[in-house]
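Thanks for coming, everyone. Before I start, please have the sequence and the three-dimensional view open side by side, because we will be moving between the two.

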Amino acid sequence: QVQLVESGGGLVQAGGSLRLSCAASGRTFSRYTMNWFRQAPGKEREFVAGTRWSGGTSYYGKVADSVKGRFTVSRDADNTVSLQMNSLKPEDTAVYYCAATSVATSSSTWFVPSGMDYWGKGTLVTVSS
């Protein structure tokens with residue numbers, strides 16, 4: 001049974017940092033693109049950042065300008081991915097989800113929710129002002 005389990009969420013003051021982790025099990029994800037999404041109350045789920053099997057952090061979409069330079073995705077092991085979040089802002093408050101996709105990053109769906117093969121249940125991040 002494939003599972004993605006997020007951890008590391010919590011309450012932090014603006015300007016602080018959090019490191020979210022995603023532990024994947026049930027199969028090998030070394031060739032999957034691992035992504036982080038977030039969903040704030042009353043808003044749609046949005047792509048935050050991801051990492052391809054070759055490594056590095058990929059940003060896309062309307063959130064990119066907001067998180068570049070503050071958020072970084074890394075693979076700690078074949079089946080573990082982290083989202084390092086620095087200089088957090090109140091508008092970063094959301095439930096953060098880990099997701100995995102086998103879709104090629106040359107496609108137009110590697111960063112959209114409908115393109116994900118697996119999802120975690122999310123972890124809540126609250127940033128106080």
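Let me begin with one residue, Met34, which, once its neighbours within four places in sequence are left aside, is in contact with Leu4, Cys22, Phe29, Gly50, Thr51, Arg75, Val81, Cys98, Ala99 and Ala100. Please keep in mind throughout that what you see is a predicted model.

Where does Met34 belong in the wider picture? Met34 is among the residues with the most contacts inside the largest nonpolar core, a set of 27 residues, and it shares that position with Leu4, Trp36, Phe71, Leu83, Met85 and Tyr96. If you look for the strands behind this core, you will find that E3, E4, E5, E7 (71-77), E8 (80-85), E9 and E11 (123-128) each supply at least two of its residues. Apart from this core lies another one, made of seven residues, including Phe37, Trp110, Phe111 and Met116.

Two of the contacts of Met34 that I read out were Cys22 and Cys98, and these two cysteines deserve a closer look. How far apart are the sulfur atoms of Cys22 and Cys98? They are 2.1 Å apart, and the two residues form a disulfide; since the cut-off for calling a pair a disulfide is 2.5 Å, this pair qualifies, and the count for the model comes to one. Cys22 lies in strand E3, residues 18-25, while Cys98 lies in strand E9, residues 94-101, so the bond ties together parts that are 76 residues apart in sequence. The torsion about the S-S bond is about -75°, and therefore the disulfide is left-handed. Are these cysteines buried or exposed? Both Cys22 and Cys98 are buried.

Now let us turn to two loop residues. Lys43 sits in the loop between strand E4 (33-39) and strand E5 (46-52), and Lys43 counts as exposed because its relative accessible area is 58%, where the cut-off is over 50%. Although Lys43 and Ala94 are 51 residues apart along the chain, their C-alpha atoms are separated by 9.5 Å.

The other is Gly9, in the loop between strand E1 (3-7) and strand E2 (10-13), which counts as partly exposed because its relative accessibility is 32%. Setting aside residues up to four places away in sequence, Gly9 touches Leu20, Thr123, Leu124 and Val125. The C-alpha atoms of Gly9 and Arg19, ten residues apart along the chain, are separated by 7.7 Å.

How values were computed: Residues are numbered from 1 along each chain as its sequence is written. This is a predicted model: local features need pLDDT of at least 70, side-chain atom pairs count only at pLDDT 80 or more; totals for chains, interfaces and linings use all residues. Side-chain values use heavy atoms; hydrogens and water are left out. Helices (H or I, at least four residues) and strands (E, at least two) are DSSP runs, numbered from the N terminus. Buried means under 20% relative accessible area, exposed over 50%, partly exposed in between (1.4 Å probe, protein chains only). A nonpolar core is a set of buried Ala, Val, Leu, Ile, Met, Phe, Trp, Tyr and Cys residues joined through side-chain atoms within 4.5 Å. Contact means heavy atoms within 4.5 Å.
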